[in-house]
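Open the model in your viewer and keep the sequence panel beside it. We will go from stop to stop, selecting a few residues each time.

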Amino acid sequence: MNAPSRAERRALSDALSGAVRGPAAGIQAALHWSAHTEALLLRVGAELERWGPLLPALPFDERERLERECKHLRGLHRQLSSLRVHHSRQLLSAAPGSSVWRDWLGLILDPPDAAPSCERAAQLQALEQRYQRSGP
């Protein structure tokens, strides 16, 4: 297994930095951001776990640089995780008056601070598509 390339590390950092800005206004944008964030948190977490065992085998300079970049990515990951919880709670409170949307969101986002999961990302994506088809 090879150490991650600079391009891989930069892509993850850019994706996390972009997501930390939060969703645009509107329920559909919030649903899209939530689904995207779930998937992104899972991907970055898996990459950071994969890279950890590779560090000791790297030359000192490269290892130090990668450790700094991983620390930065972990910080963005924590920040995005906190933001995801905050926006999940906001999304639940801002759901359209229709009890059906609020009920679905409640089932998917309960509890809002649960660890990211593939299932939750897929459910949010499906709900976003359903919302898009039906209109507000």
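**First stop: R9**

Select R9: this arginine is buried, with a relative accessible area of 9%. Buried means under 20% relative accessible area, exposed means over 50%, and partly exposed lies in between (1.4 Å probe, protein chains only).

Before you move on, note that this is a predicted model, in which local features need pLDDT of at least 70 and side-chain atom pairs count only at pLDDT 80 or more, while totals for chains, interfaces and linings use all residues. Residues are numbered from 1 along each chain as its sequence is written, and side-chain values use heavy atoms, with hydrogens and water left out.

Now add E69 to your selection. R9 and E69 form a salt bridge, with their closest N and O atoms 2.3 Å apart. The term salt bridge stands for a side-chain nitrogen of Lys or Arg within 4 Å of a carboxyl oxygen of Asp or Glu. This pair links distant parts of the chain: R9 sits in helix α1 (residues 6-20) and E69 in helix α3 (residues 60-94), 60 residues apart.

**Step back: the whole chain**

Switch to a cartoon view. How many helices and strands are there in the chain? You should find five helices and zero strands, in the pattern α-α-α-α-α along the sequence. Helices (H or I, at least four residues) and strands (E, at least two) are DSSP runs, numbered from the N terminus.

Along its principal axes, the C-alpha trace spans about 60 × 25 × 25 Å. Of the chain's 136 residues, 38% count as buried. Contacts (heavy atoms within 4.5 Å) also tell a story: among those between residues at least 6 apart in sequence, 71% join residues at least 24 apart.

**Second stop: E38 and its network**

Select E38, which is found in helix α2. Is E38 buried or exposed? At 1% relative accessibility, E38 counts as buried.

Next, show R84 and R120 as sticks. Together with E38, they are linked in a network of salt bridges. The side chains of R84 and E38 meet at 2.8 Å, N to O. That pair links distant parts of the chain, with R84 in helix α3 and E38 in helix α2 (residues 27-51), 46 residues apart. R84 is buried, just as E38 is.

What else does E38 touch? Not counting residues up to four places away in sequence, E38 touches R84, P116, S117, R120, A121 and L124.

**Third stop: S117**

One of those partners, S117, is worth selecting on its own. S117 lies in the loop between α4 (99-108) and α5 (118-134). With a relative accessible area of 19%, S117 is buried.

Leaving aside neighbours within four places in sequence, S117 is in contact with E38 and L42. The side chain of S117 also reaches the backbone nitrogen of R120 at 3.0 Å. For a distance to try in your viewer, pick the C-alpha atoms of S117 and A35: they are 9.9 Å apart in space and 82 residues apart in sequence.

**Fourth stop: R50 and E47**

Return to helix α2 and show R50 and E47. Their side chains meet in a salt bridge at 2.8 Å, N to O. Because R50 and E47 are three residues apart in helix α2, they are separated by about one helical turn. At 26% relative accessibility, R50 counts as partly exposed. In total, the structure holds five salt bridges.

**Fifth stop: H87**

Select H87 in helix α3. At 16% relative accessibility, H87 counts as buried. Look for G22, P23 and W33, which H87 touches when residues up to four places away in sequence are not counted.

**Last stop: two cysteines**

Finish with C70 and C118. Which of these is buried and which is exposed? C70 counts as buried at 3% relative accessibility, whereas C118 is exposed at 56%. A disulfide is a pair of cysteine sulfur atoms within 2.5 Å, and by this rule the count comes to zero.

Note on methods:
Polar contact = N/O pair within 3.5 Å; in protein donor to acceptor, adjacent residues only side chain to side chain.
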